[in-house]
Amino acid sequence: MYFSKLLKNAPYFHPGWFELAKAQAVQGKFDIAKQALEKALALSSRSEDVRRYQAKLSLFE
């Protein structure tokens, strides 16, 4: 998968984690999607990204 390869080379790239989460959710892999979103949230520093990731994570609760 493209995102896995990207994140192997740039694990700090939070938008990549977000895109991986979206791809996993579409495939019905919600546990993996949630983990990817949590990683994106941990790596993000801009408040707008933090809010977006938190909002998406709330959908898993």
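The largest nonpolar core here has 12 residues: Phe3, Leu7, Trp17, Phe18, Leu20, Ala21, Ala23, Ala36, Leu37, Ala40, Tyr53 and Leu57. Helix 1 (2–9), helix 2, helix 3 (30–43) and helix 4 (47–58) each put in at least two of those residues. Helix 2 gives the largest share, with five. Keep in mind that this is a predicted model. The rest of this briefing follows helix 2, starting with histidine 14.

**Histidine 14**

- You'll find histidine 14 in helix 2, which covers residues 14–26.
- Is histidine 14 buried or exposed? Its relative accessibility is 16%, so it counts as buried, the cut-off being under 20%.
- The side chain of histidine 14 has a polar contact, at 2.7 Å, with the side chain of tyrosine 53.
- If you skip neighbours within four places in sequence, the contacts of histidine 14 are Ala40, Leu43, Ser44, Asp49 and Tyr53.

**Alanine 40, a core residue**

- Alanine 40 is on the list for the largest nonpolar core, and so is Tyr53.
- Setting aside residues up to four places away in sequence, alanine 40 touches His14, Trp17, Phe18 and Tyr53.
- Trp17 and Phe18 belong to the largest nonpolar core too.

**Helix 2 against helix 3**

- The axes of helix 2 and helix 3 are 8 Å apart, and the two helices pack at an angle of about 165°.
- That angle makes the pair roughly antiparallel, because anything over 145 degrees counts that way.
- The crossing of helix 2 past helix 3 is left-handed.
- On the helix 2 side, the residues that meet helix 3 are His14, Trp17, Phe18, Leu20, Ala21, Gln24 and Ala25.
- Their partners in helix 3 are Phe30, Ile32, Ala33, Ala36, Leu37, Lys39, Ala40 and Leu43.

**Helix 2 against helix 4**

- Helix 2 packs with helix 4 at an angle of about 20°, and their axes are 12 Å apart.
- How does helix 2 run relative to helix 4, roughly parallel or roughly antiparallel? Roughly parallel, because the angle is under 35 degrees.
- Helix 2 also passes helix 4 in a left-handed crossing.
- From helix 2, His14, Pro15 and Phe18 do the meeting here, and from helix 4 it's Asp49, Arg52, Tyr53 and Lys56.

**Putting it together**

- His14 and Phe18 are among the helix 2 residues that meet helix 3, and both are also in the set that meets helix 4.
- Tyr53 turns up as a side-chain polar partner of histidine 14, as a contact of alanine 40 and as a member of the largest nonpolar core.

Definitions and conventions
Residues numbered from 1 in each chain as written. Predicted model: local features only at pLDDT ≥ 70, side-chain atom pairs only at ≥ 80, totals over all residues. Heavy atoms only, no water. Helix = DSSP H or I, 4+ residues; strand = E, 2+ residues; numbered from the N terminus. Buried < 20%, exposed > 50% of the residue type's maximum accessible area, 1.4 Å probe, protein only. Polar contact = N/O pair within 3.5 Å; in protein donor to acceptor, adjacent residues only side chain to side chain. Contact = heavy atoms within 4.5 Å. Core = buried A, V, L, I, M, F, W, Y, C linked by side-chain atoms within 4.5 Å. Axes fitted to C-alpha atoms, helices over the stretch in contact; angles between N-to-C directions. Parallel < 35°, antiparallel > 145°, perpendicular 65-115°, else oblique. Left-handed = near helix turned anticlockwise from the far one by under 90°.
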